[in-house]
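Trainee: I should like a close look at one part of this model, namely the part built around its helices and strands. Please describe how these elements are arranged.

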Amino acid sequence: MSTVSAGFRLVRAGWVLVREGVVAALPGEELSGLPKFGWRLARLFTRRRALAYERSDRLAKAVVRLGPSYVKLGQFLATRPDVVGNDMALDLAMLQDKMHTFPTAEAVAAIEASLGRKLGDLYKQFGDPVAAASIAQVHAAETVDGGVARKVAVKVIRPGVRRRFFHDLESYFLAAHLQEKYIRSSRRLRPVEVTETLAQTTRIEMDLRLEAAALSELGQSTREDPGFRVPSVDWERTGRDVLTMEWVDGVKMNDLAGLEAAGHDLKAIAANLIQSFLRHTLRDGFFHADMHPGNLFVEANGTIVAVDLGIAGRLGKKERRFLAEILYGFITRDYLRVAEVHFEAGYVPRQHNVSAFAQAIRAIGEPIHGQPAETISMAKLLTLLFEVTELFDMATRPELILLQKTMVVVEGVARTLDPAFNMWRTAEPVVSGWIAGNLGPRGLLTDARDGGKAMLALIRQAPELAARTERLSREIDLMAEHGLRFDEATARAIGKAEARYSRSGRVALWVIALTLVYIAWKLL
């Protein structure tokens, strides 16, 4: 029955996408046969007023009609240009949560149920919602601790959103299974695995304790950084369904007129934003992965404050080195080194030729150096790079795609603040500084120290490893002498499976036999 209801929900979603002109906005002229007929039919059913909007606006209107889970689906697919294509991923990356608020009484009930205390014991004042997104909404409130009053922002999970997501995820899984079954070319994209990743990401985002932990971690790693911070967390008033944090007084970064009226230097803010993002990515391996302008505030002193850390990205040391050396290689036009890094990191299979891969990298880099620096997009460079690496069997790396998506958004914000923004000149100090500290002599000492720690840990585990090796040797000897043994549960499971297949086989034989008898009788 759930499959039937999931099917109905899919049909409804398809109808909304058709009516809002999303399907009609796709490049259908390149299609042929039945898909092209379907595209033309979709254009006939598109609302007339929808045809006047850009594709990104059509997408925004459609996902708002479909509900909060489709907003999250769109934002998630923005991180997978390998699945939806680069143009669609760029449109989806601009989706921002703008949902209707829910009643304050429901928010109060959620807070009291999550924290196990009355609202009056938690907050001196609790106001109406000031912002609403797909998963939660934010209220202004005031707390008193030790006689000191403090204004805070209280983020509360939307009532029923988990149940709604659960039902819609059934639809997504149904669509993914159908896609894998009937569209053979899509199997390499592994749509079922993509949906499973979405489900896991959403489960994490719906536990506000995890967002609080991400805020705390990023706050700790950036406390000495100039011009960037995140709000502090009030852990006493934070639970699974509620997150209380410091109130941020500032101008939203999408309010250009407000920023100029406050006397801010927009070019300096753009440079600070990019350098902060690269610093977090390369130095810490942990970055805010949802840095659209609605989540960024600028305080009176020019400090950028990032909020809404439900989506965060992580890069290991190998991935950070990969990113830094790629960017620096393009800056210095050392394409062979860029190619070598791909092979050293294990991203490109060894059967390919390094020089041939360097040639493909050069095809990306040389046109860039023929353009004015302020017109070069680092995000576009990474997009082209991932397209080329597909030709050399480079597997999809989710952490790098999330980085690419975030860089697209951050660079877009910077260019909105400063249309002549020079991405390379701004990034060079951070990238070259990281390379000097991590790939030069100091980096070698750090690697040697880390290697020494790993060796020491291995030596400490030597007795346990020796005991495990001895046990494994005895078990192999017993297996060689007496054969492979199963425990009772395994043997019973194998027996049931064998019996099931035997029954199926007997039924199939009877059907074949009866069919042959019927055919023989007809012939006689």
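Mentor: A residue is called buried when its relative accessible area is under 20%. In this predicted model, that cut-off marks Y335, R337, V338, A339, V341, H342 and F343 of helix α15 as buried. Helix α15, which spans residues 335–344, is thus mostly covered, with seven of its ten residues buried. After α15 comes G346, whose phi is positive, near 80°.

The helix pair α13 and α14 may be taken next. Helix α13 comprises residues 266–284 and helix α14 residues 317–332; the two pack with their axes 8 Å apart and at an angle of about 130°. Angles over 145 degrees would count as roughly antiparallel, and those from 65 to 115 as roughly perpendicular; α13 and α14 are therefore oblique to each other. On the α13 side, the contact is made by T281, L282, R283 and D284, and on the α14 side by R320, L323 and A324. Sorted by class, this contact of α13 with α14 has three charged, three nonpolar and one polar residue.

Helix α13 also leads to a sheet, for α13 lies across β4, β8 and β9 and runs at about 50° to β9. The sheet is open and is formed by four strands in the order β4-β9-β8-β6, with mixed pairing. Its edges are β4 (228–229) and β6 (251–252); each has a single partner strand, so one side of each is left without a neighbour in the sheet. Within the sheet, strand β8 (residues 296–298) and strand β9 (residues 304–306) run antiparallel and are joined by three bridges. In this pairing, F297 has V305 of β9 as its bridge partner.

A further set of paired strands involves β2, β3 and β5. Strand β2 (residues 136–145) runs antiparallel to strand β3 (residues 148–157), and ten bridges join them. One of the paired positions is V138, whose bridge partner in β3 is K155. The two strands form a hairpin with two residues between them, and G146 in the turn has a positive phi of about 65°. Strand β3 is also joined by five bridges to strand β5 (residues 242–246), and this pairing is again antiparallel. Here V156 stands opposite V242 of β5.

Definitions and conventions:
Residues are numbered from 1 along each chain as its sequence is written. This is a predicted model: local features need pLDDT of at least 70, side-chain atom pairs count only at pLDDT 80 or more; totals for chains, interfaces and linings use all residues. Side-chain values use heavy atoms; hydrogens and water are left out. Buried means under 20% relative accessible area, exposed over 50%, partly exposed in between (1.4 Å probe, protein chains only). Two strands pair if DSSP finds at least two bridges between them. Axes are lines fitted to C-alpha atoms, for helices over the stretch in contact, and angles run from 0 to 180 degrees between N-to-C directions. Angles under 35 degrees count as roughly parallel, over 145 as roughly antiparallel, 65 to 115 as roughly perpendicular and the rest as oblique. Contact means heavy atoms within 4.5 Å. Ala, Val, Leu, Ile, Met, Phe, Trp, Tyr, Cys and Pro count as nonpolar, Asp, Glu, Lys and Arg as charged, and the others, Gly among them, as polar.
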